[in-house]
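Here are a few notes to read with the model open beside you. I have gone point by point, so feel free to skip around.

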Amino acid sequence: MAKEQIKVKWLENMAFSAEVNGHEIILDAAEKVGGENRGPRPKPLMLTALAGCTGMDVVSILKKMRVELDDFNVIVEGDLTEEHPKQFTQMHVIYEFTGKNLPVEKLQKAVTLSEERYCGVSATYRKAIGLTSEIKIIES
């Protein structure tokens with residue numbers, strides 16, 4: 001079994017530095033809770049991880065299917081509890097494709113393959129929270 005490891009280093013106040021794949025990410029809290037807003041909070045990065053993981057899968061699959069897109073966005077919405085520990089109870093992924101005469105069946109197949117077979121982030125999250133998705137097509 002492969003193992004991944006991330007180390008975050010405390011900088012000061014509420015700020016931490018993380019090195020991820022050779023790139024530095026600064027994490028920080030909002031000013032109202034003692035941070036300096038020097039970087040994103042950890043929970044939104046959970047949404048980012050899901051969007052990036054499934055987005056990369058979909059682009060790769062569609063490239064193999066020879067589907068050309070003019071634009072592609074992945075939007076992830078997360079429902080957080082009000083009480084502590086504040087946690088996601090649901091995430092909804094919106095796949096937003098832009099192009100001319102896009103083949104809906106190929107878009108759906110790429111999304112399904114990502115969600116059910118390739119995206120490790122969605123597989124992990126699915127064990128803990130509800131995941132839903134939809135496809136939006138914008139004609140260009």
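**Notes on the predicted model**

1. A search of the whole structure turns up one aromatic pair. Its members are Phe72 and Phe97, and the rings are stacked, at 4.8 Å centre to centre with 20° between the planes. The pair ties together distant parts of the chain, since Phe72 sits in strand E4 (residues 71-80) and Phe97 in strand E5 (residues 88-99), 25 residues apart. Both Phe72 and Phe97 are buried. Please keep in mind that this is a predicted model.

2. The strands that carry those two rings belong to an open sheet of three strands, in the order E4-E5-E6 and with mixed pairing. E4 and strand E6 (130-139) are at the edges, each with a single partner strand, so one side of each has no neighbour in the sheet. From one strand to the next, the twist averages 15°.

3. Within this sheet, E4 and E5 pair in the antiparallel sense, over ten bridges. If you would like a place to check the register, find Glu77: the bridge partner of Glu77 in E5 is His92. Helix H2 (residues 104-118) packs on the sheet and touches E5 and E6, and the direction of H2 makes about 155° with that of E6.

4. Next, have a look at Thr54, which has its place in helix H1. Is Thr54 buried or exposed? Thr54 counts as buried because its relative accessibility is 1%, and the cut-off for buried is under 20%. Leaving aside residues up to four places away in sequence, Thr54 touches Val74, Val93, Tyr95, Ser114 and Cys119.

5. Another open sheet has three strands in the order E1-E2-E3, and here the pairing is antiparallel. Strand E1 (8-12) and E3 are its edge strands, each pairing on one side only. The twist in this sheet averages 30° from one strand to the next.

6. Strand E2 (residues 15-20) and E3 are joined by five bridges and run antiparallel. Two residues lie between E2 and E3 in the hairpin that they form, and Asn21 in the turn has a positive phi of about 50°. Which residue of E3 is the bridge partner of Glu19? That partner is Glu24. Likewise, Phe16 has Leu27 in E3 as its bridge partner.

7. The hairpin comes up again at the largest pocket, which holds about 360 Å³ of space. Its lining is made up of Glu4, Gln5, Ile6, Val8, Ala18, Glu19, Val20, Asn21, Ile25, Leu27 and Leu45. E2 and E3 are the elements that give two or more residues to this lining. The largest share, three residues, comes from E2.

8. Finally, please look at Gly35, found in the loop between strand E3 (23-27) and helix H1 (42-64). Gly35 is buried because its relative accessible area is 10%, with the limit for buried set at under 20%. Its contacts, not counting residues up to four places away in sequence, are Met14, Asp28, Ala29 and Ala30. To get a sense of scale, you could pick out Gly35 and Pro103: they are 68 residues apart along the chain, and their C-alpha atoms are separated by 47 Å.

Terms used: Residues numbered from 1 in each chain as written. Predicted model: local features only at pLDDT ≥ 70, side-chain atom pairs only at ≥ 80, totals over all residues. Heavy atoms only, no water. Helix = DSSP H or I, 4+ residues; strand = E, 2+ residues; numbered from the N terminus. Buried < 20%, exposed > 50% of the residue type's maximum accessible area, 1.4 Å probe, protein only. Contact = heavy atoms within 4.5 Å. Pairing = 2+ DSSP bridges. Axes fitted to C-alpha atoms, helices over the stretch in contact; angles between N-to-C directions. Phe/Tyr/Trp six-rings, centres within 6.5 Å; stacked < 30°, edge-to-face > 60°. 1 Å grid on protein atoms, 1.4 Å probe; cavity = no way out; pocket = protein on both sides within 12 Å on 5 of 7 lines; lining within 4 Å. Points joined across faces, edges and corners; volume = space filled by probe spheres on them.
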